[in-house]
Structures are given as structure tokens and as C-alpha cells.
Amino acid sequence: RLLVLSREVSTFKKLAAHNNISNHQIHIVSVPAEEVPAYLSAADAAVLLRGRHIVNQVASPVKCAEYLCSGLPVLITDKVGDYSNLIAEKQWGAVADTMENVVTMALSITGTTDEERIRRGKNAAEILDWKHHLPKLISLYEDTVRHHRKTVIHINHDYPVTTQTFT
């Protein structure tokens, strides 16, 4: 049975009805933020679907980090910020390039062991934690201040922090 957590319960119910999905197949509920971790710990996988739009290409949805840090494998659509590439490269789930194969792909990422889930969660927490990037950011800031330069800092979750300096 599919569980959907959303603030948009009525929207999802209409979508389910439009696609002939019965109430026996899907449960749609809105829960307070403090209850979300309990639901995530009981889940088999997370799904994050976004349309192809520039806003989604530059997005960094906090919910994706929450899913990953809870150890869930994530099915995500292509080009959702840096997360789509990160999930593909780390094999932390799957990236759907079309909406047609979403259900099949979601089922394919379930069934991970507790050990895999714990390892995935720890790795994601380490990579996504600001502490991981902070020394490099401080160094860049100090260098910029010392040399009175304008520097653009590019932060990419799993890649080295890069800069572009203008004199």
C-alpha cells in the first residue's frame, strides 16, 4: 500500500481518483512535521517527483536530505538540483527520466537491508552536513577578505567547493 505524506491531501486524492487508484491501494495523509521522522523510519523508500522547470533544476529540497539521512533509498526525477546526480552516483536510489516508469522504479529500490539503510543514512548525513564544507568555506572567506576580491563560491553537495574570483 502506498502512503503519501503531503499538505496537499485533496490534490493527491483527486490525482488518485483520476488515475483509478482506490483507497485500498493508497493512503494520503497530512501529519505534523514532528511526526514525519516516525513515518520515514517505517517507510521502504521515498519518492521525490518534480517537473522539468528551472526552479526545480536549482532547487535543493530539504525533504530529500531528510529522506537520505533517514537511510531511505530515494526515487527522484532527473535534474532536481544536485540531488539527482548525487543519488545516481552514490547509488542511493534511482533517477527517473520519465514519469512512465516511476512505479516500476520505485518498487525496484525497496528491499534494502537495515545495514544498508544505516550506512546510507550515515554517509548522507556526513556529506550533507555543513561541517563537512565549513573549513573550505572559512578558508575561501578569509582569502577573499585578505585580498579584497569578489569571489563567488559554488557549493555542490558531494563535490569540492569551487570558486570563481573576480579582480
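**Pocket, surface patch and backbone features of the predicted model**

Met 105 sits in helix α6. The model analysed here is predicted. With a relative accessible area of 17%, Met 105 is buried, because the cut-off for that class is under 20%. Its C-alpha atom lies 9.1 Å from that of Gly 93. Along the chain, Met 105 and Gly 93 are twelve residues apart. Gly 93 begins strand β5, which spans residues 93-96.

Helix α6 (102-108) also takes part in the largest pocket, supplying at least two residues of the lining. The volume of this pocket is about 1900 Å³. Its lining comprises 43 residues. Nearest the centre of the pocket are Leu 2, Leu 3, Val 4, Leu 5 and Val 47. Strand β1 covers residues 2-5 and, like α6, provides at least two lining residues. The same minimum holds for α1 (9-18), α2 (36-42), β3 and α4 (62-69). Helix α2 makes the greatest contribution, with five residues. By class, 30 of the lining residues are nonpolar. A further seven are charged and six are polar.

Val 47 links the pocket to the surface description. This residue belongs to strand β3, which runs over residues 46-48. It is among the residues nearest the centre of the largest pocket. Its relative accessibility is 37%, so Val 47 counts as partly exposed. Val 47 also joins Leu 49 and Met 99 in a nonpolar surface patch. Together, the three residues of the patch have about 250 Å² of accessible area.

The loop between α2 and β3 holds Asp 44. Asp 44 is exposed, because its relative accessible area of 55% is over the 50% cut-off. Asp 44 and Arg 117 are 73 residues apart in sequence. In space, their C-alpha atoms are 9.8 Å apart.

Backbone torsions were examined next. Most residues other than glycine have a negative phi. Lys 79 has a positive phi, near 65°. It is located in the loop that connects β4 (74-77) and α5 (83-90). Lys 79 counts as partly exposed because its relative accessibility is 45%. Gln 91 likewise is not a glycine and has a positive phi, in this case about 55°. Gln 91 occupies the loop between α5 and β5. At a relative accessible area of 67%, Gln 91 is exposed, because the value is over 50%. Helix α5 thus borders both loops: the loop of Lys 79 lies between β4 and α5, and the loop of Gln 91 between α5 and β5.

Definitions and conventions
Residues are numbered from 1 along each chain as its sequence is written. This is a predicted model: local features need pLDDT of at least 70, side-chain atom pairs count only at pLDDT 80 or more; totals for chains, interfaces and linings use all residues. Side-chain values use heavy atoms; hydrogens and water are left out. Patches are made of residues with over 30% relative accessible area and no salt bridge: like charges are joined within 9 Å, nonpolar side chains (Val, Leu, Ile, Met, Phe, Trp, Tyr) within 5 Å. Accessible areas come from the Shrake-Rupley method with a 1.4 Å probe; for residues, only the protein chains shown count as cover. A salt bridge is a side-chain nitrogen of Lys or Arg within 4 Å of a carboxyl oxygen of Asp or Glu. Helices (H or I, at least four residues) and strands (E, at least two) are DSSP runs, numbered from the N terminus. Buried means under 20% relative accessible area, exposed over 50%, partly exposed in between (1.4 Å probe, protein chains only). On a 1 Å grid over the protein atoms alone, a cavity is a set of points where a 1.4 Å probe fits but cannot get out, and a pocket is an open set with protein on both sides within 12 Å along at least five of seven lines; lining residues have an atom within 4 Å of a point. Grid points are joined across faces, edges and corners, and a volume is the space filled by probe spheres set on the points. Ala, Val, Leu, Ile, Met, Phe, Trp, Tyr, Cys and Pro count as nonpolar, Asp, Glu, Lys and Arg as charged, and the others, Gly among them, as polar.
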